[in-house]
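Me: I am new to this structure and would like to understand the reasons behind the words used for it. Could we go through some of them one at a time?

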Amino acid sequence: PQVSRRSIERSNRINMEETQWITSLDFPLYLASIARNSLDKCIKVLIKLSLYSESNSNFLSFTETEEEISIIVDEGSLSLLREVLGDELLVAPRCWSAIRVYEGASAINAIGLVSQLSAPLFKENLNMIYLSTFHTDLILVPKEDKDNAVSLLHSTKEIAISPSITPSKKNESSGPTIIVTTMPHRLIIATFESKNIEKASYSLLRQFLFPSSPERIFSLTSSVGEVTLILDADSESTFPSDLLETNSIVWKAIQVQASGTDFSGAYVHTFSQILANASVSIYYLSTANSDYILVPEDKVEEALTALRSKLKILT
């Protein structure tokens, strides 16, 4: 059966005064990577974290590609993974805080949103990890920078979604070498409410235990009552037909790897600003080793042309 689609219309302007649009998660998060040959050791823990979230203090973002397995988890979940993986779990040294920016499903097609949200943090030289979800954007900053980051975001009362953004000098080709890889997968972005996790359990077990291909892209982010999935378009039919909310776009992923400071906010802002100027809507996913920028399938060449024109790129 085909999953029902709820068409998402483009939003040209998001008025942040109409809603309580910024909240922060009051518990620390940790970024880690898992070697592919260690996945079997922790798969039961990952399934438990995906299917049996015990409270709003649980957080899981799991991303698997051909090259890496990356997770972002709360402290309790990290302890469970350490019990089974030990030193095979490579944890980044920083402790992160998550800021949740709610825009609603219409913003998934908006142009310039990631650039606008990352701009004030970039100007203050804050490091960040950026996770788009179906209804929100999650911006992770070092724990000690959370209050400053929240204040900077609150200073923006309205975000105008527009491609007419003045290019930054930091986008010039004299910057670091960027490695860009276009991924072949045709992807969908989908969501369901956490209360429906039991209904999704069989389909999620299939995703974890019986992947369609070792070269796949699969991502699950579960937080604050919402589960967001990135998965191959062909996998959509493996979920109950009345479960998933999707948008009408098929996406392609551009993997971006840059030299320099890890998790620099400059990268998030620079990449997203270039694509906003090219009128390309994006969905952004930071992992332990790369950034993945999802763009509409029919905009891939425009996105690559824009990136090549501004950055020193190896493909």
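Reply: We can begin with Gly86, which follows helix H2 and has a positive phi, near 60 degrees. Please keep in mind throughout that this is a predicted model.

Me: What makes Ser77, Leu78, Leu81 and Leu85 of helix H2 a group?

Reply: In H2, which spans residues 75-85, these are the buried residues, and buried means a relative accessible area under 20%. They cover an arc of only 100 degrees around the axis, which puts them on the same side of H2. As a general rule, an α-helix has 3.6 residues a turn, so residues three or four places apart point the same way.

Me: Which elements do the buried residues of H2 pack against?

Reply: They pack against strand E3 (29-34), helix H1 (39-51), strand E5 and strand E6 (89-91).

Me: What makes the approach of Asp74 to Gly76 at the start of H2 a polar contact?

Reply: A side-chain oxygen of Asp74 comes to within 3.1 Å of the backbone nitrogen of Gly76, and because the cut-off for such a pair of N or O atoms is 3.5 Å, the pair counts as a polar contact.

Me: How do you know that Glu68 has no salt bridge?

Reply: Glu68, in the loop between strand E4 (60-64) and strand E5 (69-74), is buried, and the nearest side chain of opposite charge, that of Arg36, is 9.0 Å away. Because a salt bridge requires a distance within 4 Å, Glu68 and Arg36 do not form one. The side chain of Glu68 does, however, make a polar contact of 3.2 Å with that of Asn289.

Me: Why is Asn125 called exposed, and what is noted about its phi?

Reply: Asn125 has a relative accessible area of 66%, and because exposed means over 50%, the word applies to Asn125. This residue sits in the loop between helix H3 (113-123) and strand E8 (129-132), and its phi is positive, about 60 degrees, although it is not a glycine. In general, most residues other than glycine have a negative phi.

Me: Why is Val224 called partly exposed?

Reply: The relative accessible area of Val224 is 34%, and because partly exposed covers the range between under 20% and over 50%, that is the term for Val224. Val224 belongs to the loop between strand E13 (218-223) and strand E14 (226-232), and its phi is also positive, near 50 degrees.

How values were computed:
Residues are numbered from 1 along each chain as its sequence is written. This is a predicted model: local features need pLDDT of at least 70, side-chain atom pairs count only at pLDDT 80 or more; totals for chains, interfaces and linings use all residues. Side-chain values use heavy atoms; hydrogens and water are left out. Helices (H or I, at least four residues) and strands (E, at least two) are DSSP runs, numbered from the N terminus. Buried means under 20% relative accessible area, exposed over 50%, partly exposed in between (1.4 Å probe, protein chains only). Lys and Arg count as positive and Asp and Glu as negative; His and the chain ends are not counted. A polar contact is a pair of N or O atoms within 3.5 Å; within protein, one must be able to donate a hydrogen and the other to accept it, and residues adjacent in sequence count only if both atoms are side-chain atoms. The arc is that of the directions from the helix axis to the C-beta atoms. Contact means heavy atoms within 4.5 Å.
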